[in-house]
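Colleague: I am new to this structure and would be grateful for a close look at one chain. Please describe how it is put together, and then follow some of its side-chain contacts in detail.

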There are 2 protein chains.
Amino acid sequence: MPPRRTPVSRRDRPAKPPLSRDGVVAVALGILREEGLERVTMRRLASELDTGPASLYVYVQNVAELHGALLDALLADFPLDASDPVDLLVDYTTLLMEYPSLARSVLTLWPSGPNYLSLIDAILGLLRAAGTPSRQAAWGVDVLLQHATASAAEHGTRRESGEAEGGWEGLRAAVRDAPNTEYPHIAAHRDELVSGAGEERLRWAFAALLRGIAATS
Amino acid sequence: MPPRRTPVSRRDRPAKPPLSRDGVVAVALGILREEGLERVTMRRLASELDTGPASLYVYVQNVAELHGALLDALLADFPLDASDPVDLLVDYTTLLMEYPSLARSVLTLWPSGPNYLSLIDAILGLLRAAGTPSRQAAWGVDVLLQHATASAAEHGTRRESGEAEGGWEGLRAAVRDAPNTEYPHIAAHRDELVSGAGEERLRWAFAALLRGIAATS
DNA sequence: ACCTGAACACCGTTCAAGT
DNA sequence: ACCTGAACACCGTTCAAGT
């Protein structure tokens with residue numbers, strides 16, 4: 001009986017490595033970084049791993065869980081040593097803004113990976129250090145992270161169907177054209193409503209949130 | 001030459017009314033209310049209107065625009081006469097919580113319909129009445145509405161694939177099991193992190209936001 | 001101008017069957 | 001246990017052709 005040989009049908013590829021959850025997430029992370037979350041589909045991922053989409057369900061329960069794993073993978077390199085909570089939150093938001101679709105997905109995901117827990121822990125530590133009462137810090141960290149995620153989903157920098165930009169332009173135009181009689185308060189704030197660079201508004205929002213959290217029992 | 005007769009091929013249906021943008025939105029609103037945004041697809045909508053999906057593109061540019069129109073339709077009956085901004089914001093969030101998928105969509109939509117502008121106008125009016133400086137009010141209304149939308153997307157009450165609930169349970173479990181040595185601050189806030197009813201936390205968050213907005217220049 | 005059938009280019013997930 | 005082909009049940013959008 002001749003020895004069993006490995007098949008050579010996939011000549012141009014390196015030997016197919018065995019699948020694993022980490023391998024699946026690593027490949028997904030590569031697609032996310034290079035092409036955005038839109039391209040991270042089960043089918044694309046499967047073909048990248050030289051298999052069929054059904055095989056992936058051994059390692060992840062569904063796409064939502066995969067997205068959670070991607071967030072945690074992204075957070076693996078995120079530095080948590082900022083001493084100002086505003087800096088930490090702006091940095092986290094900036095990271096997420098590279099992946100607005102992931103931000104959108106994460107918003108309904110309640111992530112709970114180890115690196116996300118470390119982020120929560122770091123923010124709690126900074127709030128505690130600033131003297132924020134315990135319960136306000138605990139509720140506040142939720143508000144802060146939700147604002148970061150929602151801001152990234154809203155203002156994401158990636159083009160991604162261009163829909164976000166059109167929306168912002170639409171609101172800008174609507175505010176510009178709003179009749180004074182019907183919208184007196186918009187009229188009174190017309191310029192300020194659309195003023196300010198992204199980062200300036202983001203820093204201001206986090207500062208306001210932190211102040212409110214510290215002051216409201 | 002015999003007179004042209006209307007065809008009788010669709011015997012069981014009432015005469016097909018001519019399409020219009022308002023008609024399309026009205027039918028979409030019905031499906032949204034009864035079955036949720038998931039079911040409001042171009043194909044479903046078309047079949048409800050007794051036509052093909054391609055026909056809808058005469059009246060709406062794409063699904064994003066349709067979702068914007070749905071939000072505005074939902075806001076048509078929304079009372080704007082609350083005298084406390086927290087009440088107004090909680091009411092708006094509660095409305096959106098009935099439609100978490102719409103909230104998720106709206107978050108990246110920059111809605112700009114007339115009823116949404118009225119909502120912005122009403123909030124600006126309340127901030128102005130409370131003495132908030134003009135620029136802070138203008139930037140603050142964005143933060144407040146974003147928090148409302150994001151909260152609705154996150155905590156939506158509709159079952160909708162049940163994914164949200166699993167996520168919250170997952171985070172709750174992760175917080176419960178987080179090792180003290182690795183996550184000292186989570187350990188110090190373990191109970192408060194997951195405490196409080198939804199509405200209580202929501203009211204607190206809006207109160208904190210409003211205080212921070214009023215106090216941060 | 002308004003409307004349409006048919007196609008294009010995809011999705012996530014399940015399941016029976018294989019190894 | 002792990003893996004897969006094939007199917008199920010869908011999507012949004014475009015476009016050439018009709019009225």
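Modeller: Among the contacts in chain A between residues at least 6 apart in sequence, 71% join residues that are at least 24 apart. The model is a predicted one, and what follows should be read in that light. Chain A has twelve helices and zero strands, so that its elements, read from the N terminus, run α-α-α-α-α-α-α-α-α-α-α-α. Of the 217 residues in chain A, 47% are buried.

I turn next to the domains. The domain assignment divides chain A into domain 1, covering 14–60, and domain 2, covering 80–215. The C-alpha centres of these two domains of chain A are 31 Å apart. Seven residues from domain 1 of chain A and seven residues from domain 2 of chain A take part in the contact. Between them, domain 1 and domain 2 of chain A bury about 500 Å², and carbon and sulfur atoms give 57% of that area. On the side of domain 1 of chain A, Leu32(A), Leu37(A) and Glu38(A) supply 72% of the area buried against domain 2, more than any other three residues. As for polar links, zero salt bridges are found across the interface of domain 1 and domain 2 of chain A, whereas one residue pair there is in polar contact, with both residues at pLDDT 80 or more.

Salt bridges do occur elsewhere: the structure holds 18 over all chains. One of them joins the side chains of Glu48(A) and Arg44(A), with N and O 2.9 Å apart. Both residues lie in helix H2 (residues 42–48) of chain A, four residues apart, about one turn of the helix. Glu48(A) is partly exposed, at 40% relative accessibility, and Arg44(A) is partly exposed at 25%. These two residues also belong to a network of salt bridges that links Glu35(A), Arg44(A) and Glu48(A). Another salt bridge is formed by Asp177(A) and Arg176(A), whose closest N and O atoms are 3.0 Å apart; here both Asp177(A) and Arg176(A) are exposed. In chain B, the side chains of Asp177(B) and Arg176(B) meet in a salt bridge at 3.0 Å, N to O, and both Asp177(B) and Arg176(B) are exposed.

Aromatic rings offer another view of the contacts. A pair of aromatic rings is described by the distance of the centres and the angle of the planes. Over all chains, the structure holds four aromatic pairs. In one of these, the ring centres of Phe78(A) and Tyr92(A) are 6.2 Å apart and the planes stand at 70°, so the pair is edge-to-face. Phe78(A) lies in the loop between helix H4 (63–75) and helix H5 (85–97) of chain A, while Tyr92(A) lies in helix H5 of chain A, so the pair ties together parts that are 14 residues apart in sequence. Phe78(A) is buried because its relative accessible area is 12%, where buried means under 20%. Tyr92(A) is also buried, with a relative accessible area of 1%.

A further aromatic pair, formed by Trp204(A) and Trp139(B), is edge-to-face, with 5.8 Å from centre to centre and 85° between the planes. Trp204(A) lies in helix H12 (residues 198–215) of chain A and Trp139(B) in helix H8 (residues 134–155) of chain B, so this pair joins two chains. Trp204(A) counts as buried at 8% relative accessibility, and Trp139(B) counts as buried at 4%.

Helix H12 of chain A also holds Arg201(A). Arg201(A) is buried, with a relative accessible area of 14%. A polar atom of the Arg201(A) side chain lies 2.8 Å from the backbone oxygen of Ser195(A). Leaving aside neighbours within four places in sequence, Arg201(A) is in contact with Glu192(A), Leu193(A), Val194(A), Ser195(A) and Gly196(A) in chain A, and with Ala138(B), Trp139(B) and Asp142(B) in chain B. Trp139(B) thus appears twice in this account: in contact with Arg201(A), and paired with the ring of Trp204(A).

How values were computed:
Residues are numbered from 1 along each chain as its sequence is written. Chains are lettered from A and ligands numbered from 1 in the order in which they are written. Side-chain values use heavy atoms; hydrogens and water are left out. Rings of Phe, Tyr and Trp (its six-membered ring) pair if their centres lie within 6.5 Å; planes under 30 degrees apart count as stacked, over 60 as edge-to-face and the rest as tilted. Buried means under 20% relative accessible area, exposed over 50%, partly exposed in between (1.4 Å probe, protein chains only). Domain bounds come from an automatic or database domain assignment. Contact means heavy atoms within 4.5 Å. Buried area is the accessible area (1.4 Å probe) that two parts lose on being put together, summed over both. A salt bridge is a side-chain nitrogen of Lys or Arg within 4 Å of a carboxyl oxygen of Asp or Glu. A polar contact is a pair of N or O atoms within 3.5 Å; within protein, one must be able to donate a hydrogen and the other to accept it, and residues adjacent in sequence count only if both atoms are side-chain atoms.
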